[in-house]
Amino acid sequence: MNNQNWTVIRGFCGTEGAEHVPAYGLLCEYSDGVWRWPDVDVDEAAVQLLADRLNVIQPSACHFTDIVLDYIEDRAAGDL
């Protein structure tokens with residue numbers, strides 16, 4: 001049974017000088033609370049795919065930040 005619910009949220013880029021650029025982030029509601037990362041990517045479909053994968057794998061909360069950072073680095077390197 002899944003106890004995490006990952007959804008895409010809309011916000012703005014957190015990078016200085018690009019604060020007006022729409023971006024999409026992740027929100028996870030889980031048994032220990034709520035976790036969010038407001039600006040994962042500017043591609044909503046890509047963030048939705050990540051949210052869908054996280055809903056399936058249900059990672060431990062201690063890995064949430066590392067997963068998102070790895071995703072951002074992989075996108076920047078063109079690996080995704």
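Student: Leaving aside its neighbours within four places in sequence, which residues is Trp-6 in contact with?

Tutor: Among them are Leu-26, Trp-35, Leu-54, Gln-58 and Phe-64; contact means heavy atoms within 4.5 Å. A word on the source: this is a predicted model, where local features need pLDDT of at least 70, side-chain atom pairs count only at pLDDT 80 or more, and totals for chains, interfaces and linings use all residues. Residues are numbered from 1 along each chain as its sequence is written, and side-chain values use heavy atoms, with hydrogens and water left out.

Student: Why is Trp-6 called buried?

Tutor: Buried means under 20% relative accessible area, exposed over 50%, and partly exposed in between (1.4 Å probe, protein chains only). Trp-6 has 3% relative accessibility, so it counts as buried.

Student: And what makes Gln-58 buried?

Tutor: Its relative accessible area is 17%, so Gln-58 is buried too. You'll find Gln-58 in the loop between H1 and H2. Its phi is near 50°, a positive value in a residue other than glycine. For background, most residues other than glycine have a negative phi.

Student: How do you know that the buried residues of H2 line one face of the helix?

Tutor: Those residues are Phe-64, Val-68 and Tyr-71. Seen down the axis of H2, they fall within an arc of 60°, so they line one face. The arc is that of the directions from the helix axis to the C-beta atoms. On the other side of H2, Glu-73, Ala-76 and Ala-77 are exposed. It fits a general pattern: an α-helix has 3.6 residues a turn, so residues three or four places apart point the same way.

Student: What makes the span of H2 close to the expected one?

Tutor: The expected span is 1.5 Å times one less than the number of residues. H2 has 14 residues, and its reach from first C-alpha to last is 20 Å, close to the 20 Å expected. Helices here are DSSP runs (H or I, at least four residues), numbered from the N terminus.

Student: How do the residues lining the largest pocket divide into nonpolar, polar and charged?

Tutor: A pocket is an open set of points on a 1 Å grid over the protein atoms alone, where a 1.4 Å probe fits, with protein on both sides within 12 Å along at least five of seven lines; lining residues have an atom within 4 Å of a point. The lining has 6 nonpolar, no polar and 4 charged residues. Ala, Val, Leu, Ile, Met, Phe, Trp, Tyr, Cys and Pro count as nonpolar, Asp, Glu, Lys and Arg as charged, and the others, Gly among them, as polar. The largest share, 5 residues, comes from H2.

Terms used. Helices (H or I, at least four residues) and strands (E, at least two) are DSSP runs, numbered from the N terminus.
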